[in-house]
Amino acid sequence: MSSDDFDAIVGDIDDELDLTLYADATELSDEVTVQILAAIEKGLKLKSQFHLVLTGGTLGVQISEALVNEFNADPDGFAGLHIWWSDERFVQGDSVERNAFPFHGTVTNTAVVIHEVLASDVAKSIEEAVSDYELALENVDIDLNILGLGPDGHVASLFPGLADVDDHRRIFAITDSPKPPAVRVSFTMSLINSAHEVWIVAAGESKADAVTKIIEGDLSIPASYVRGHSHTRLIVDTEAFFSE
């Protein structure tokens, strides 16, 4: 895909998918952080609670670290904010492999409620971790879900060929993830798509094939099934959008 194809491609995108393009990963991370903060502020003013779902990966960590800094810088703000994760690695709680690691013991703003998946040194089994998170999420309406995108088109821990996109459960256990660590807790596509808004973020040339498949509606990858309840965004940098 060349830059000359941009306008034509954008014109063909499903009306339900909103594409935003940034110059590079740094600009993307900075702008998405600002937009998340704006969404939180608006949501808290409207209904006094806001449920935000975060992700892991390089971009997810950058965004998470930036958010932690913002939360800590305003200790009297963000009352009513709840933080969740769409998937988590079943490893020890202080492991850098945890998607929640940037929030683990780092948030000094006590108004922010952080919901971590039980770690392997807390839960007796992955089934206990799933049950605990599922119970915590009962009656929760997710306002905004930020999803990373794998080069293979996976989101959360829904991998191609392994994920049942029609699974009507909310949370489930994975014991054979093709990407280590093998044992994880993940949202189903049903729970992902229950969010008011879902934003998929992707940066780098390795994501270009998956981004193209989303834009073209190629249902061979899980990411193409993502559709927020009212708004879905695909937020990418130029390397993830343009490929030879």
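Ser48 counts as exposed in this predicted model, because its relative accessibility is 51% and the cut-off for exposed is over 50%. To find Ser48, look at the loop that runs between helix 2 (25-47) and strand 2 (50-54). Exposed as it is, Ser48 still has company: setting aside the neighbours within four places in sequence, Ser48 is in contact with Gly43, Ala79 and Gly80. For a sense of distance, try Ala123, which lies 75 residues from Ser48 in sequence; in space, the two are 32 Å apart, C-alpha to C-alpha.

Now turn to the charges on the surface. Asp24, Glu27, Asp30, Glu31, Glu205 and Glu239 together form a negative surface patch. Helix 2 gives this patch its largest share, with 3 residues. That is the helix you have already met on one side of the loop that holds Ser48.

Another member of the patch, Glu239, sits in helix 7, which spans residues 238-241. Is Glu239 buried, exposed or partly exposed? With a relative accessibility of 47%, Glu239 counts as partly exposed, since that class takes in values between 20% and 50%.

For residues tucked away from the surface, have a look at helix 6, which covers residues 208-216. Its buried residues are Ala208, Ala210, Val211, Thr212, Ile214 and Ile215. Follow the chain on to Gly217, just after helix 6, and you will find a positive phi of about 70 degrees.

Methods
Residues numbered from 1 in each chain as written. Predicted model: local features only at pLDDT ≥ 70, side-chain atom pairs only at ≥ 80, totals over all residues. Heavy atoms only, no water. Helix = DSSP H or I, 4+ residues; strand = E, 2+ residues; numbered from the N terminus. Buried < 20%, exposed > 50% of the residue type's maximum accessible area, 1.4 Å probe, protein only. Contact = heavy atoms within 4.5 Å. Patch = residues over 30% accessible without salt bridge, like charges linked within 9 Å, V, L, I, M, F, W, Y side chains within 5 Å. Areas by Shrake-Rupley, 256 points an atom, 1.4 Å probe, with all protein chains shown as cover. Salt bridge = Lys/Arg side-chain N within 4 Å of Asp/Glu carboxyl O. Lys, Arg positive; Asp, Glu negative; His and termini not counted. Charge placed at Lys NZ, Arg CZ, Asp CG, Glu CD.
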